[in-house]
Amino acid sequence: MELQTIVEALFLGLLEGLTEFIPVSSTGHLLLAGHFLGFESNGKTFEVLIQLGAILAILTVYFGRLLKIARDLPNDPKTRRFVIGVLVAFLPAVVIGVLAHNVIKTVLFESPMLICVMLIIGGLILLWVDRLELKPRYTSVMDYPLSLCLKIGLIQCFAMIPGTSRSGATIVGALLLGTDKRSAAEFSFFLAMPTMAGAFGYDLIKNRHILTLNDASLIAVGFIAAFIAGVFVVRYLLDYVSRHGFGLFAWWRLVVGTLGLIALILMR
């Protein structure tokens with residue numbers, strides 16, 4: 001491997017970890033950065049598989065909480081409803097992800113102009129939602145009814161369009177459906193675990209025959225970087241969102257999307 005390629009993989013891994021859990025679209029950032037850097041991965045597997053680092057970041061930070069959920073699951077009805085709710089929210093992504101996998105990887109992932117447009121649209125939506133005077137009915141993820149979880153899961157499917165943001169879609173959807181900002185972000189964390197693990201496993205199975213030792217080495221570099229950056233974000237995001245909302249992320253999307261569009265036009 002060339003040093004430049006290793007540095008690019010390290011940079012993209014850090015970018016994945018820093019953006020996966022905030023509503024700015026980690027996949028959109030990775031694909032745009034890779035496009036402008038000239039970074040290519042076989043079957044776009046690098047961009048999907050390094051998400052395992054972000055998954056492990058959640059497991060590390062939430063280990064105590066997950067252990068308590070596992071202990072309470074047999075005897076506590078509220079805990080059982082919460083776990084079932086996360087699985088219900090995960091199901092729409094399974095169905096649509098499997099059916100649309102080829103289109104997502106070969107068409108949507110290859111459309112940097114679409115990514116920039118979705119970043120801008122998502123930024124405008126975040127600004128709008130952040131300024132609404134919403135009155136939450138649910139302030140704890142343990143109290144989310146199954147119908148609410150299913151609706152959030154359906155909204156998450158919009159994030160299969162790169163540039164939309166999985167966390168952004170689930171958080172905005174949850175807020176509009178009656179949750180508060182902190183629990184919306186927290187539910188997005190929990191939903192990320194099966195969603196990202198499922199995407200990782202399915203993509204690995206589909207593309208295992210085209211992966212090389214060089215690909216595996218780059219993925220390992222990106223994975224470690226994503227894990228370190230992801231731990232930092234998961235530890236501090238909930239408190240930041242509770243105090244400051246999503247305005248900063250909305251403006252970030254607008255700036256990145258606009259600069260990306262300008263760069264693409266100039267390059268053409």
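# A walk through an all-helix model

Start by selecting Ile96, which sits in helix 6, residues 77–99. Helices here are DSSP runs of H or I with at least four residues, strands are E runs of at least two, and both are numbered from the N terminus. Before you go on, know that this is a predicted model: local features need pLDDT of at least 70 and side-chain atom pairs count only at pLDDT 80 or more, while totals for chains, interfaces and linings use all residues. Residues are numbered from 1 along each chain as its sequence is written, and side-chain values use heavy atoms, with hydrogens and water left out.

**Stop 1: the patch around Ile96**

Is Ile96 buried or exposed? Neither quite: Ile96 is partly exposed, with a relative accessible area of 36%. The cut-offs are under 20% for buried, over 50% for exposed, and partly exposed in between (1.4 Å probe, protein chains only). Now add Leu91, Val94, Val95, Val98 and Leu99 to your selection; together with Ile96 they make a nonpolar surface patch of about 520 Å². Patch residues have over 30% relative accessible area and no salt bridge; like charges are joined within 9 Å, and nonpolar side chains (Val, Leu, Ile, Met, Phe, Trp, Tyr) within 5 Å. A salt bridge is a side-chain nitrogen of Lys or Arg within 4 Å of a carboxyl oxygen of Asp or Glu. The areas come from the Shrake-Rupley method with a 1.4 Å probe, and for residues only the protein chains shown count as cover.

**Stop 2: the aromatic rings**

How many aromatic pairs does the structure hold? There are 9. Rings of Phe, Tyr and Trp (its six-membered ring) pair if their centres lie within 6.5 Å; planes under 30 degrees apart are stacked, over 60 edge-to-face, and the rest tilted.

Select Tyr62 and Phe190: this pair is edge-to-face, at 5.3 Å centre to centre and 90° between the planes. Tyr62 is in the loop between helix 4 (51–61) and helix 5 (63–72) and Phe190 is in helix 11 (residues 181–207), so the pair ties together parts 128 residues apart in sequence. Both Tyr62 and Phe190 are buried.

Keep Phe190 and add Phe82 for another edge-to-face pair, 5.0 Å centre to centre with 85° between the planes. Since Phe82 lies in helix 6 and Phe190 in helix 11, this pair links parts 108 residues apart in sequence. Phe82 is buried too, with a relative accessible area of 4%. Add Phe21 and Phe189, and you have one aromatic cluster with Tyr62, Phe82 and Phe190.

**Stop 3: two serines**

Most residues other than glycine have a negative phi. Click on Ser25, in the loop between helix 1 (3–19) and helix 2 (26–37): its phi is near 75°, a positive value. Ser25 counts as buried at 4% relative accessibility. Next, find Ser165 in the loop between helix 9 (146–156) and helix 10 (166–176). Ser165 has a positive phi of about 95° and is buried at 3% relative accessibility.

**Stop 4: zoom out**

An unreviewed UniProt entry places "transmembrane region" features at several spans, including residues 82–100 and 250–267. Positions follow the numbering used here, feature names are shortened, and annotations may be inferred rather than shown by experiment. Residues 82–100 are 95% helix, with end C-alpha atoms 28 Å apart; residues 250–267 are 100% helix, with ends 26 Å apart.

Now show the whole protein: 13 helices and 0 strands. Its C-alpha atoms fill a box of roughly 55 × 40 × 35 Å along the principal axes, and buried residues make up 50% of the 268 residues.
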